[in-house]
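Got the model open? Here's a casual walk through its helices, rings and hollow spots.

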Amino acid sequence: MKKLVFGSFAAVLALSACGAEDSGSGSSEGETSTLKVGASNIPHAEILEQAKPILEEQGIELEIDTYQDYIFPNQDLDSGDLDANYFQHTPYLESQIADHGYDFVSAGGIHIEPIGVYSQDYSSLEELPQDATILMSNSVADHGRILAMLEAEGLITLEEGIDKTTAETSDIVENEKNLQFETEYEAALLAQLYESGEGDAVLINSNYAIDAGLSPMEDAIALESSDSPYANIIAVQAGDEENEDIQALVDVLTSQEIQDFILEEWDGSIVPVEQ
């Protein structure tokens, strides 16, 4: 962690080498440390804002950088511009590690954002017509999650025995309504496509839905179960999960105070991870 230390010249020299890659440092009495975390605007940055004064009492200054995409937060964590990021779930993290060779780990799960199905024309999944067009993100890490949800709703059947977290549309073996899946859209654009009436149904992550003024609990015609395994995590470079400041961040974000804030602020549209 980057340290702001007022002491001897030797202490300054010793601490000058400490960056995001230093996994052993933590804030000590009389010292203040800075923790730089990249986050999606909603809900991640808003949750971090609630944690900020609590961490300040522990001598940790939380600096929040907001992002509107899913690519740069990992690039900036890899380069050392961030100490941690908070925007992704474990399957997405694993896909990014496989694609880019990142040496990242999860420091802890914080909350779940259920994916919702939104439609301008239909009020339930049962009403979807034959050959309905379903729009979903181009994030392969979300495909299995979405398909497992649609299977649980009885719309499709996936090949028996596959790992559903990595399922793709090619793994569908039964599709009674002959649903047509379009998977080339940026996740951040899906709410806009829904608003403009594109497709018969659109699958939107809750953070983007809320950011666009939608209420997942009220506007979605179907919502992923709250027991979803896709918890949003604090991701750090390998080794930094043992850092005292990172551990303090996770402890605060999973505290009763922050969990109560999540439940009250989003009324079940975002669910804290059970500890």
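What follows covers one helix, the pockets, the cavities, the aromatic rings and one buried acid. Keep in mind that this is a predicted model.

## Helix H2

Let's start with H2, which runs over residues 41-57. From first C-alpha to last, its 17 residues reach 24 Å, close to the 24 Å expected at 1.5 Å a residue. H2 does bend, though: the angle is about 35° at Ala51, with a proline, Pro53, following within four residues. After the helix comes Gly59, which has a positive phi, near 85°.

Which residues of H2 are buried? The list holds Ile42, Pro43, His44, Ala45, Ile47, Leu48, Ala51, Ile54 and Leu55. So Ala51 turns up twice, as the site of the bend and as a buried residue. As background, an α-helix has 3.6 residues a turn, so residues three or four places apart point the same way.

## The two largest pockets

The largest pocket has a volume of about 270 Å³. It has 16 lining residues, and the closest to its centre are Tyr70, Ile71, Tyr92, Asn138 and Ser139. Two elements give two or more residues to this lining, helix H4 (90-100) and helix H5 (140-152). H4 supplies the largest share, four residues. By type, the lining of the largest pocket splits into eight nonpolar, five polar and three charged residues.

Next is the second largest pocket, at about 230 Å³. Here 15 residues do the lining, with Arg145, Ala148, Met149, Glu224 and Ser225 closest to the centre. H5 gives the most to the lining of this second largest pocket, five residues. The breakdown for this pocket is six nonpolar, four polar and five charged.

## Closed cavities

How many cavities of 30 Å³ or more does the structure hold? There are two. The largest cavity has a volume of about 110 Å³. Of its 14 lining residues, Tyr70, Phe87, Gln88, His89 and Asn205 are the closest to the centre. Strand S4 (84-89) and H5 are the elements that give two or more residues to this lining. The lining of the largest cavity divides into four nonpolar, seven polar and three charged residues.

The second largest cavity comes in at about 60 Å³. Its lining is made of Ser40, Asn41, Ile42, Tyr67, Gln68, Asp69, Asn207, Tyr208 and Asp211. H2 and helix H7 (206-211) each supply at least two of those residues, and H7 has the largest share, with three. Three of the lining residues of the second largest cavity are nonpolar, four polar and two charged.

## Aromatic rings

Searching the whole structure turns up seven aromatic pairs. One of them is Tyr102 with Phe104, a stacked pair at 4.6 Å centre to centre and 10° between the planes. Tyr102 and Phe104 are both buried.

Ring pairs also link Tyr70, Phe87, Tyr92 and Tyr208 into a cluster. Some of these names have come up already: Tyr70 and Tyr92 are among the residues closest to the centre of the largest pocket, Tyr70 and Phe87 play that part in the largest cavity, and Tyr208 lines the second largest cavity.

## A buried aspartate

Why does Asp245 count as buried? Its relative accessibility is 1%, and the cut-off for buried is under 20%. Asp245 sits in helix H9, residues 244-253. The C-alpha atoms of Asp245 and Ile60 are separated by 7.1 Å, though the two residues are 185 apart along the chain.

Key. Residues are numbered from 1 along each chain as its sequence is written. This is a predicted model: local features need pLDDT of at least 70, side-chain atom pairs count only at pLDDT 80 or more; totals for chains, interfaces and linings use all residues. Side-chain values use heavy atoms; hydrogens and water are left out. The expected span of a helix is 1.5 Å times one less than its number of residues. The bend at a residue is the angle between axes fitted to the seven residues ending there and the seven starting there. Buried means under 20% relative accessible area, exposed over 50%, partly exposed in between (1.4 Å probe, protein chains only). On a 1 Å grid over the protein atoms alone, a cavity is a set of points where a 1.4 Å probe fits but cannot get out, and a pocket is an open set with protein on both sides within 12 Å along at least five of seven lines; lining residues have an atom within 4 Å of a point. Grid points are joined across faces, edges and corners, and a volume is the space filled by probe spheres set on the points. Ala, Val, Leu, Ile, Met, Phe, Trp, Tyr, Cys and Pro count as nonpolar, Asp, Glu, Lys and Arg as charged, and the others, Gly among them, as polar. Rings of Phe, Tyr and Trp (its six-membered ring) pair if their centres lie within 6.5 Å; planes under 30 degrees apart count as stacked, over 60 as edge-to-face and the rest as tilted.
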